[in-house]
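Welcome! Please take a moment with the sequence and the structure shown here, and then read on for a short guided tour.

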Amino acid sequence: MRLQNQAAIVTGSARGIGRAIAGRLAGEGAHVLIADVDGEGACRAAAQLRHDGLTAQAVPVDVTDPIRVKAMVQAAFDNFGRLDILVNNAGVGLNRPFLKTTLEEFEFTVRVNLIGAFLCSQAAAVRMAEQGAGKIISVASISGQRGAQNRSAYGASKAAVIQLTKVMALELARYGIRVNAVAPGPVVTDMTDVTHSQAIRQTYQSRIPLRRYAQCDEIAAAVAFLASDDATFITGHTLNVDGGFVSSGLIFDLDDAAGAVE
Ligand SMILES: NC(=O)c1ccc[n+]([C@@H]2O[C@H](COP(=O)([O-])OP(=O)(O)OC[C@H]3O[C@@H](n4cnc5c(N)ncnc54)[C@H](O)[C@@H]3O)[C@@H](O)[C@H]2O)c1
């Protein structure tokens, strides 16, 4: 139980990766605020965690709305009396060729993925600084590190989240706040169910050394590690949870590779 009685906000946690992160943090002893634009889904997720004997409350929030974001942070204090952990997980995906990406699509993607992380982090960090301690973890993506096809808006938003993580880590260190990011490769979720065609799946699987998509729990485990005292000297870091995708170069079939050695 590495997070006993710590208070955490997880944005976008009504479902998918965020839901798994909320469950993992609560399972490690944290009191979790499920914050999502889908207010009913947030209530259902919190009720499920409470049913499992864990501590969770729900709050509706649009992470792009500064007033609602401040109310979300206040809700953590109202419910739990403090805020130790913020996980910026809320995000939207977009697969669109660069030449067909509209201004509205680009702005919407950046607004949710980047500006949402900025607003939540700033609102949380102000209060964490008063406490003299805190942990902020953002869910970025390998698409923020590699030039993935059809990912101009999404990739740019996630690259900016990685950069924002570095600058916040530097500026917030003096307040005892550690800031890190987790960059997943493809994960089995509702988002990839909709946005990943069969062709995209096959291509990813052929280029990931571990040859599969991640499960949500594998991303949640990395977030829990960064939030815990097992990571007290880690800040400004982006932890790839990608089955080796970003590290890999040419990948041969095993038989071909054996032939190359001979
Ligand atoms: N699924 C993947 O393969 C993958 C890979 C890399 C990174 N990511 C990132 O992980 C995060 C979660 O992805 P997911 O696959 O679980 O997505 P998802 O679509 O299944 O869930 C996203 C959640 O965020 C909420 N949300 C969306 N906009 C919001 C807003 N403005 N305010 C508050 N909540 C909002 C949704 O209601 C939903 O509950 C995202 O940041 C995504 O970019 C996902």
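The notes below go from the ligand and its surroundings to a handful of single residues.

This is a predicted model, so please read every value here as computed from it. A good place to start is the ligand, which sits in the largest pocket. The protein covers 93% of the 830 Å² of accessible area that the ligand has on its own.

**Around the ligand**

- The shell around the ligand holds 27 residues, and those that come nearest are Arg15, Asp36, Asn89, Tyr154 and Val187.
- By character, the residues of this shell divide into 14 nonpolar, eight polar and five charged.
- Three elements give two or more residues each to the shell: α1 (16-27), α5 (152-172) and α6 (190-195).
- Of the elements, α6 gives the most to the shell, with three residues.

**Polar atoms facing the ligand**

- Arginine 15 has a polar side-chain atom 2.6 Å from an oxygen atom of the ligand.
- Aspartate 62 also offers a polar side-chain atom, which lies 3.0 Å from a nitrogen atom of the ligand.
- Valine 63 takes part through its backbone: an N or O atom there lies 3.0 Å from a nitrogen atom of the ligand.

**Residues in helices, and their partners in space**

- Glutamate 130 belongs to helix α4 (residues 103-131). Its relative accessibility is 61%, and because the cut-off for exposed is over 50%, glutamate 130 counts as exposed.
- From glutamate 130 to tyrosine 175 there are 45 residues in sequence, while their C-alpha atoms are 8.0 Å apart in space.
- Alanine 160 has its place in helix α5. With 23% relative accessibility, alanine 160 counts as partly exposed, because buried would need a value under 20%.
- Along the chain, alanine 160 and valine 110 are 50 residues apart, and their C-alpha atoms are separated by 9.0 Å.
- Aspartate 217 is found in helix α8. The relative accessible area of aspartate 217 is 56%, so this residue is exposed, the cut-off being over 50%.
- Valine 187 was listed among the residues that come nearest to the ligand. Aspartate 217 and valine 187 are 30 residues apart in sequence and 9.7 Å apart from C-alpha to C-alpha.

**Two residues with a positive phi**

- As background, most residues other than glycine have a negative phi.
- Asparagine 5 is not a glycine, yet its phi is positive, near 65°. Asparagine 5 lies in the segment before β1 (7-11).
- How exposed is asparagine 5? Asparagine 5 has a relative accessible area of 47%, so it is partly exposed.
- Arginine 211 has a positive phi too, of about 60°, although it is not a glycine. Arginine 211 is placed in the loop between α7 (198-207) and α8 (216-227).
- Arginine 211 has 39% relative accessibility and therefore counts as partly exposed.

Methods
Residues are numbered from 1 along each chain as its sequence is written. This is a predicted model: local features need pLDDT of at least 70, side-chain atom pairs count only at pLDDT 80 or more; totals for chains, interfaces and linings use all residues. Side-chain values use heavy atoms; hydrogens and water are left out. A residue is near a molecule or strand if one of its heavy atoms lies within 4 Å of it. A polar contact is a pair of N or O atoms within 3.5 Å; within protein, one must be able to donate a hydrogen and the other to accept it, and residues adjacent in sequence count only if both atoms are side-chain atoms. Accessible areas come from the Shrake-Rupley method with a 1.4 Å probe; for residues, only the protein chains shown count as cover. On a 1 Å grid over the protein atoms alone, a cavity is a set of points where a 1.4 Å probe fits but cannot get out, and a pocket is an open set with protein on both sides within 12 Å along at least five of seven lines; lining residues have an atom within 4 Å of a point. A molecule sits in a cavity or pocket if more than half of its atoms lie within 2 Å of its grid points. Helices (H or I, at least four residues) and strands (E, at least two) are DSSP runs, numbered from the N terminus. Ala, Val, Leu, Ile, Met, Phe, Trp, Tyr, Cys and Pro count as nonpolar, Asp, Glu, Lys and Arg as charged, and the others, Gly among them, as polar. Buried means under 20% relative accessible area, exposed over 50%, partly exposed in between (1.4 Å probe, protein chains only).
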